[in-house]
Amino acid sequence: MNPTSPPSRPRRSWRLTRPRPASPAALVLSLIALILGLSPAPARAASLQEITGFGSNPGNLRMFQYVPDNLPSGAPLVVALHGCTQNASDYYGHSGWPKYADMYGFALVFPQTTSSNNLNSCFNWYQPSDYTRDRGEALSIKQMVDSATSRHGSDPSRVYITGLSAGGAMTSAMLAGYPDVFAGGAIDSGVPAGCATTLSSALTCQYSGVNKTPQQWGDAVRSASGGWGGPWPRVAIWQGTADFTVNPSNATEERDQWTNVWGISQTPSSTRTLTGGTTQAVYNDANGRPAVETFSVSGMGHGLAVNPGSGIDQCGSTGTYYLNSICSSYWTAMFWGLDT
């Protein structure tokens, strides 16, 4: 993280048709293939691909996407932001998000920054020229959303964003700057929107945390949004209790920020214990629907919570800053309703 150190998806429509009988030539070719032990080539599977020409790109970012085969129009879109020293391929390979894109049917966009933007390939979440609405990296990410939405016919009311560490901090900034674009977000080991405006203040936010009232934090979002009056994004907050890179107090400040934006209490509506020593706290809106959720992972250090395995609630693979405890991508997808 340290900038100086390492409406529901439409159902598919199916039409039953009577198959045509194979031609004599096709039968002969099939017989030859059988004799020779050959089999038809499999259909090309979806993969991570780079997209160019997605906009003016003032933030000098690269755009990568993962789109499941035969994705119908009207599907959701998820934007996933890597952390420092990482890249799009790294996050794609470890986070577990492609599993749920295939399972539930949505497109993924992986923005990528480079060392030419930041020495440690961090998103510049603390620079006003990069996190402010319609400027720098923030605008580049917004242009990726516009490009992907147009390209794949994504549902503009079901666009979400998530990120780890510096990507988590940039997620905070994007949710604050573009609440009209994102229906929800997930901040993993990040900091509140508006916490820093310089490198020095970024280090304070990161290592010590900054204590403000919920009203002050909420005002920072309302100011960044350009006068947006709602509806607001639904926000999940993930934090390890043993994180020495991002002070865990940041998760409390993020909770205060988004519960204030929603105009709801900082006292949870419910809590429960999940796998991996994780405590989930839910903060409901006036209609009794979760608006903010926090996930505190006991004993976890700095990183994205993953849980390799084949279970529906297991995902990802371990690695540097990918820590085995619980599949955060699964629980985030459930919170956003991507399974419906």
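**Close-up views of three disulfides and two buried residues**

**View 1. C84 and C122 are both buried** (buried means under 20% relative accessible area, exposed over 50% and partly exposed in between, with a 1.4 Å probe and protein chains only). This is a predicted model, in which local features need pLDDT of at least 70 and side-chain atom pairs count only at pLDDT 80 or more, while totals for chains, interfaces and linings use all residues. Residues are numbered from 1 along each chain as its sequence is written, and side-chain values use heavy atoms, with hydrogens and water left out. A disulfide, that is, a pair of cysteine sulfur atoms within 2.5 Å, joins C84 to C122, with an S to S distance of 2.0 Å. The torsion about the S-S bond of this pair is about 125 degrees, so the disulfide is right-handed. The pair links distant parts of the chain, 38 residues apart, with C84 in the loop between β3 and α2 and C122 in the loop between β4 (107-112) and α4 (128-131). Helices (H or I, at least four residues) and strands (E, at least two) are DSSP runs, numbered from the N terminus.

**View 2. The buried residue H82 lies in the loop between β3 (77-81) and α2 (88-94)**. H82 counts as buried because its relative accessible area is 1%. Leaving aside neighbours within four places in sequence, H82 is in contact (heavy atoms within 4.5 Å) with ten residues that the view can show: N87, A88, Y91, P111, Q112, T113, S121, F123, L164 and G167. For T113, the backbone nitrogen lies 3.3 Å from a polar atom of the H82 side chain.

**View 3. C195 and C205 form a disulfide, with their sulfur atoms 2.1 Å apart**. This pair also links distant parts of the chain, since C195 is in the loop between β6 (184-188) and α7 (199-207), whereas C205 is in helix α7, 10 residues apart. With -110 degrees about the S-S bond, the link is left-handed, and both C195 and C205 are buried.

**View 4. A disulfide joins C315 to C327, with an S to S distance of 2.0 Å**. The torsion about the S-S bond of C315 and C327 is about 100 degrees, so this disulfide is right-handed. The two cysteines, 12 residues apart, link distant parts of the chain: C315 is in the loop between β11 (304-306) and β12 (322-324), and C327 is in the loop between β12 and α10 (328-336). C315 and C327 are buried. A search of the whole structure finds 3 disulfides, and they follow the pattern 1-2, 3-4, 5-6 when bonded cysteines are counted along the chain.

**View 5. N260 is found in helix α9 (residues 249-262)**. N260 is buried because its relative accessible area is 16%. A polar contact of 2.8 Å joins the side chains of N260 and R222; such a contact is a pair of N or O atoms within 3.5 Å, where, within protein, one must be able to donate a hydrogen and the other to accept it, and residues adjacent in sequence count only if both atoms are side-chain atoms. Not counting residues up to four places away in sequence, N260 touches P214, Q215, G218, D219, R222 and Q266. The C-alpha atoms of N260 and Q215 are separated by 6.2 Å, although these residues are 45 residues apart along the chain.
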